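Work through the exercises below with the coordinates open. Try each task before reading its solution.

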Amino acid sequence: MNFTVSKNKFYAALQNVAHAISPNSPLPVLKGIKINANEPDNLILTASNNDLAIQTSLSNEQDKDLNLTIEEGGAVVIDAKYLLDIVHKIDGDTLHMEIIDGALTMVKGQNAQYRINGMKADTYPTIDLSKPADAITTKADQLAEIIDETAFAASDQETRPVLTGVNFTLHDGVLECTATDSYRLAKKTIPFASDLTFRVTIPAKSLNEVKAIMLQEADKDIEIAQNTKKAQFSNGTVLLQTRLLDGGYPDTDRLIPREFHHTLTIRRSTLLSALDRCIFKSDNMTVNRLQCSQDDVIFSNGSQEIGDFQQSLMEEGTKFEGDPIDISFSGAYVQQAARALKGDTIEICFSGPMKPFILKDPANDTILQLALPVRTYN
C-alpha cells in the first residue's frame with residue numbers, strides 16, 4: 001500500500017468512521033480503522049464495533065480537492081486513536097502513507113514522519129455490508145428532523161433494550177417514528193410515497209451517529225435500506241450500518257389520550273424560560289407544578305430542604321381553556337419535549353391531573369410529545 005492524499009480530507013473521513021470505534025472492544029483489531037487502497041483511485045475506510053459499522057469511500061471523482069494518488073494498492077488496520085492523532089498533527093497539506101514492512105506503516109508529511117505498527121488487514125473481521133432489498137429514500141433535512149424530534153425520548157437503560165431505539169413503521173403511505181422510555185413519548189408521523197411495509201426498531205445511538213456524520217447537506221438524498229436484522233444509511237459517500245433491536249415494540253398508540261378537557265396555549269419561549277428557572281431538585285429530579293385556571297397560570301418548583309420558585313405565565317400569548325387543573329411533572333422531560341417542537345406556540349392538552357398529557361405545535365400536526373405526570377403531595 002502506497003498513497004498520497006489531502007491531509008484535511010483524509011482526517012475528516014477518519015473522524016467519520018471513528019464514530020464506530022469502541023475503545024473497550026475485547027478485540028484489539030476493532031480498535032483500529034481498516035484502510036484499503038484500491039488502484040487506481042479509490043480509498044475505503046472501515047470501522048466497526050459489531051453493533052455499528054461505518055464505511056466511507058474517497059475518490060478524486062467524488063472530490064476534486066482530494067488529490068489522491070495511489071501508487072500501490074493494499075490494506076492495513078491502524079489503531080484509531082493513534083492514527084487520528086498522527087494525521088491531525090502531521091505537517092503539510094498532503095500526507096503520504098506507505099506499508100514498509102509487514103504491517104509497519106509510515107505516515108509522512110512535509111517534514112515530519114511517523115512509523116506505526118499496524119495490524120494485517122486479513123485479521124479484521126468480515127463485515128457483511130451487502131445492501132438489504134427493501135429501501136426508501138428521504139432528504140437529509142427530513143431525516144435530521146425525525147431524529148431531533150424523537151430520539152431523545154428513547155430510554156438510556158438496558159433493562160428493556162427495545163426501548164433504547166426509535167421504532168420506524170411504514171404502512172399505507174405513512175411513516176410513523178416513535179420513541180418512548182415508558183415515562184414520555186415522542187411520535188413523528190409523515191406522509192411517505194412508498195408501497196413498502198415494514199416495522200423496525202433502530203438504536204437511538206445509531207440514529208444520532210447518522211445525524212452527526214451524514215446529514216450536514218440538507219437537500220442530499222439519504223437511502224435507508226433494511227431487513228429483519230440490520231438497517232443501512234447511505235448518502236453515496238458514507239455508509240452506516242446498524243443492527244436492529246430485537247423484541248416487539250410496545251403498542252404506544254393506546255398511551256395517547258383521545259379526549260382532552262383542559263388546554264393551555266403558551267409561547268414556546270415563555271415555557272422554556274420558566275423551565276430554565278427551575279433549579280430546585282428533590283430526589284435528584286426537577287419536579288415542576290402547574291396550576292391553571294381562567295384567571296392565572298402559576299408555574300412553580302421547589303424543595304423543602306432548599307427553597308422554592310414561582311412564576312405567573314399569564315401574559316400575552318397565554319390562554320387556558322377548561323376547568324382549573326393542578327398537575328406536576330418532570331421538568332427535564334417537558335423541557336426536552338418543548339425544545340423538539342420548533343414553532344413559536346405550544347399547546348399543552350390535559351385529560352386530568354394524573355393522566356398523560358401531550359405537547360404539540362398547533363401549526364404542525366406531524367409531531368406529538370407526551371409526558372406522564374408525577375404524583376406529589378402538595
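**Exercise 1. Place the Arg289 and Asp326 pair.**

Task: What kind of contact do the side chains of Arg289 and Asp326 make, and which strands hold them?

Solution. This is a predicted model.
- Step 1: the side chains of Arg289 and Asp326 meet in a salt bridge, with N to O at 2.5 Å. The cut-off is 4 Å, so the pair qualifies.
- Step 2: Arg289 sits in strand β20 (residues 287-292) and Asp326 in strand β24 (residues 325-330), so the bridge ties together parts 37 residues apart in sequence.
- Step 3: take the exposure of each partner. Arg289 is partly exposed at 23% relative accessibility. Asp326 is partly exposed too, at 33%.

**Exercise 2. Follow a network.**

Task: Which residues are joined into one network by salt bridges that share partners?

Solution.
- Step 1: start from Glu145, which forms a salt bridge with Lys188; the closest N and O atoms are 2.9 Å apart.
- Step 2: locate both ends. Glu145 is in helix α3 (residues 140-150) and Lys188 in strand β14 (residues 184-191), 43 residues apart, so this pair links distant parts of the chain.
- Step 3: check burial. Glu145 is partly exposed at 35% relative accessibility. Lys188 is buried, at 1%.
- Step 4: add the shared partners. Glu145, Glu149 and Lys188 form one network.

**Exercise 3. Locate another strand-to-strand salt bridge.**

Task: Which strands hold Asp221 and Lys139, and how many residues apart in sequence are the parts they tie together?

Solution.
- Step 1: Asp221 and Lys139 form a salt bridge, the closest N and O atoms being 2.8 Å apart.
- Step 2: Asp221 belongs to strand β16 (residues 221-226) and Lys139 to strand β11 (residues 134-139), so parts 82 residues apart in sequence are tied together.
- Step 3: Asp221 is partly exposed, with a relative accessible area of 41%. Lys139 is partly exposed at 37%.
- Step 4: set the pair in context. The count for the model comes to 15 salt bridges.

**Exercise 4. Describe the surroundings of β4.**

Task: Is strand β4 (residues 52-58) largely enclosed or largely open? Which strands does it pair with?

Solution.
- Step 1: 6 of the 7 residues of β4 are buried, so the rest of the structure largely encloses this strand.
- Step 2: take one neighbor. Strand β3 (residues 42-48) runs antiparallel to β4 and is joined to it by 6 bridges. Within this pairing, Ile44 has Ser57 as its bridge partner in β4.
- Step 3: inspect the turn. The hairpin of β3 and β4 has 3 residues between the strands, and Asn50 takes a positive phi near 80 degrees there.
- Step 4: take another neighbor. Strand β18 (residues 238-243) is antiparallel to β4, with 5 bridges between them. Ile54 has Leu240 as its bridge partner in β18.

**Exercise 5. Find the cores.**

Task: How many residues make up the largest nonpolar core, and which of them touch the most other members?

Solution.
- Step 1: the largest nonpolar core has 71 residues. Those touching the most other members are Phe3, Phe10, Ile33, Ile35, Met97, Phe168 and Phe233.
- Step 2: look around Phe233. Leaving out residues up to four places away in sequence, its contacts include Leu143, Ile202, Met214, Ile224 and Leu240.
- Step 3: search elsewhere. Another core lies apart from the largest one and has 29 residues, among them Ala274, Phe280, Phe309 and Leu359.

**Exercise 6. Pick out unusual backbone angles.**

Task: Which peptide bond is cis with omega near 5 degrees, and where do Asn67 and Ser182 lie?

Solution.
- Step 1: recall the norm. Most residues other than glycine have a negative phi, and most peptide bonds are trans.
- Step 2: the bond from Glu39 to Pro40 is cis, with omega near 5 degrees. Pro40 is in the loop between β2 (32-38) and β3.
- Step 3: Asn67 has a positive phi near 55 degrees. Asn67 lies in the loop between β4 and β5 (69-72), and is partly exposed at 47% relative accessibility.
- Step 4: Ser182 has a positive phi of about 85 degrees. Ser182 lies in the loop between β13 (174-180) and β14, and is partly exposed at 40%.

Key. Residues numbered from 1 in each chain as written. Predicted model: local features only at pLDDT ≥ 70, side-chain atom pairs only at ≥ 80, totals over all residues. Heavy atoms only, no water. Helix = DSSP H or I, 4+ residues; strand = E, 2+ residues; numbered from the N terminus. Buried < 20%, exposed > 50% of the residue type's maximum accessible area, 1.4 Å probe, protein only. Core = buried A, V, L, I, M, F, W, Y, C linked by side-chain atoms within 4.5 Å. Contact = heavy atoms within 4.5 Å. Pairing = 2+ DSSP bridges.
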